[in-house]
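Trainee: Could you walk me through this structure? I would like to learn how to read its features one by one.

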Amino acid sequence: MRAAIVHEPGAALELRDDVTVAGPDPGEVRIRVRATGVCHSDVSALKGVLPTSLPAVLGHEAAGEVVEIGSRVTGLAPGDHVVLSFIPACGTCPDCLGGQPYLCITYVLEGFTKPRFRLAGDTPCFGFGGVGAWAEELVVPAQAAIRIDPDVPFELAALLSCAVATGVGAVINTAGVDEGSSVVVIGAGGIGLSVIQGARLAGAATILAVDPVVAKHELAKGFGATHATTPDQMEAVKGLLTGGRGFDHAFEAVGRSSTVKAAWQAARRGGNVVVVGAGAADDQVEIDAFSLLFDGKNILSSIYGCSDLRRDAKRFVDLWRAGRLDLESLITRRIRFEDLADAVKTLDKGGDVIRQVVLFD
């Protein structure tokens, strides 16, 4: 089958047609991938910024159809349509039992040690994020496959797997944005625009989108931003919109120390600084100890939007059905598998691209 492979950090993406998938084991499911997104996290993995065992099939945001189930799997059957969770909840660890399944690392760690693909010559190959969605088929723990209604188009369902779960989830699950709140969102990519949609859904009165690409500003307003600006003008706009006090909630959706610090500076005293972007382990954020205490700001980690797709996938679908969550406009380009390398280059260059989605026949 076809799959997109990275062999070492910084190497070019390799598209192959001689890859096989292993399993499923008793607790796993085999899925035919029907749509998969091209996310900045995949580019970061390709560059070695985010960790993955190598060689690896990239891709983590996807939807597809169940082809085969393991002998111990219940609740799923061949033909079911599913979205994939790259942080599946095991259901038995302290984090899951404590109501924080998005912190479960049981299957995350397994993704680093258990190769689910084979290259020609029987070379073991891993799946990025424990998924490896840039392939025609994959095998994951049953907990990673969340069933959805079959009338939801696969390319829209795929967005629920990462962009929407992470962005909208950061607002409704992590920050708990109140009606009438003021919000700033730094970064207007797929995640940032989903944060903006979440803030609109929550009833925020002021939503400022911040992005250096001016072409994204009107797009952000289409998703619910009330204002938009470039990073160099953010401080001035903050003064105009909040009287210099700062925003109730500042979301960082880029994954860099500089933008985390910018979100800190944009938040009011006692406000929330919500870290949504996935950054590098060696990119240090410096905040002086005095401000950390006396400004009273809350730094909130929003890994995966603190989402539990077992609950949230249906919520997102219901919002989409009601016309309150725009999934269609997040997709700026539908591509074929053969276009993946170009899609990675396009995303890495920046510009106004949001989500490119690979459609498998």
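Mentor: Gladly! Let us begin with a loop: Tyr304 lies in the loop between β17 and α11 (309-321). Keep in mind that this is a predicted model.

Trainee: What is the phi of Tyr304?

Mentor: Phi of Tyr304 is near 55°, a positive value in a residue other than glycine. The loop between β17 and α11 also holds Cys306, and Cys306 has a positive phi too, near 50°.

Trainee: Are Tyr304 and Cys306 buried or exposed?

Mentor: A residue is called buried when its relative accessible area is under 20%. Tyr304 has 4%, so Tyr304 is buried. Cys306 has a relative accessibility of 9% and therefore counts as buried as well.

Trainee: Now the sheets, please. How are strands held together in a sheet?

Mentor: Strands of a sheet pair through backbone hydrogen bonds, and the pairing is either parallel or antiparallel. Here, one open sheet has six strands in the order β14-β13-β12-β15-β16-β17, with parallel pairing. At its edges stand β14 (227-229) and β17 (298-301); each has a single partner strand, so one side of each is left without a neighbour in the sheet. On average, neighbouring strands of this sheet are turned by 20° against each other, direction ignored.

Trainee: Which strands pair with β15, and over how many bridges?

Mentor: Strand β12 (residues 182-186) pairs with β15 in the parallel sense over four bridges. Within that pairing, Val183 stands opposite His249 of β15. Strand β16 (residues 267-275) pairs with β15 over five bridges, again in the parallel sense. There, Glu252 has Val275 in β16 as its bridge partner. To get from β15 to β16, the chain crosses through helix α9 (residues 257-266), and this β-α-β crossover is right-handed.

Trainee: Why is β15 described as largely enclosed?

Mentor: Count its buried residues. Strand β15 covers residues 247-252, and six of the six are buried, so the strand is largely enclosed by the rest of the structure.

Trainee: Does the same reasoning work for a helix, and what does α4 show?

Mentor: Try it on helix α4 (residues 154-161): seven of the eight residues are buried, so this helix is largely enclosed by the rest of the structure. The buried residues of α4 are Phe154, Leu156, Ala157, Ala158, Leu159, Leu160 and Ser161.

Trainee: Which strands does helix α8 lie across?

Mentor: Helix α8 (residues 234-242) lies across β12, β13 (206-210), β14 and β15. Its direction is at about 175° to β13.

Trainee: And how do I read two helices that meet? At what angle do α6 and α7 cross?

Mentor: Look at the axes, then the handedness, then the residues in contact. The axes of helix α6 (residues 190-202) and helix α7 (residues 215-223) come within 8 Å and cross at roughly 35°. The crossing of α6 past α7 is right-handed. On the α6 side, the contact is made by Leu193, Ile196, Gln197 and Arg200, and on the α7 side by Leu219, Ala220 and Phe223. These residues divide into five nonpolar, one polar and one charged.

Trainee: What is the order of strands in the sheet with mixed pairing?

Mentor: That open sheet of six strands runs β2-β1-β5-β9-β8-β3. Its edges are β2 (14-16) and β3, each with a single partner strand, so one side of each is left without a neighbour in the sheet. For an antiparallel pair, see strand β8 (residues 117-119) and strand β9 (residues 123-127), joined by three bridges. Arg118 has Pro124 in β9 as its bridge partner.

Trainee: Finally, which residues does a cis peptide bond join?

Mentor: One cis peptide bond joins Gly23 and Pro24, with omega about 20°. Pro24 sits in the loop between β3 (20-21) and β4 (28-38). Another joins Leu54 and Pro55, with omega about -5°. Pro55 is in the loop between α1 (40-47) and β5 (56-57).

Methods:
Residues are numbered from 1 along each chain as its sequence is written. This is a predicted model: local features need pLDDT of at least 70, side-chain atom pairs count only at pLDDT 80 or more; totals for chains, interfaces and linings use all residues. Side-chain values use heavy atoms; hydrogens and water are left out. Buried means under 20% relative accessible area, exposed over 50%, partly exposed in between (1.4 Å probe, protein chains only). Two strands pair if DSSP finds at least two bridges between them. A crossover is right-handed if, with the strands pointing away from the viewer, the path from the first strand over the helix to the second runs clockwise. Axes are lines fitted to C-alpha atoms, for helices over the stretch in contact, and angles run from 0 to 180 degrees between N-to-C directions. A crossing is left-handed if the near helix is turned anticlockwise from the far one by less than a right angle, and right-handed if clockwise. Contact means heavy atoms within 4.5 Å. Ala, Val, Leu, Ile, Met, Phe, Trp, Tyr, Cys and Pro count as nonpolar, Asp, Glu, Lys and Arg as charged, and the others, Gly among them, as polar.
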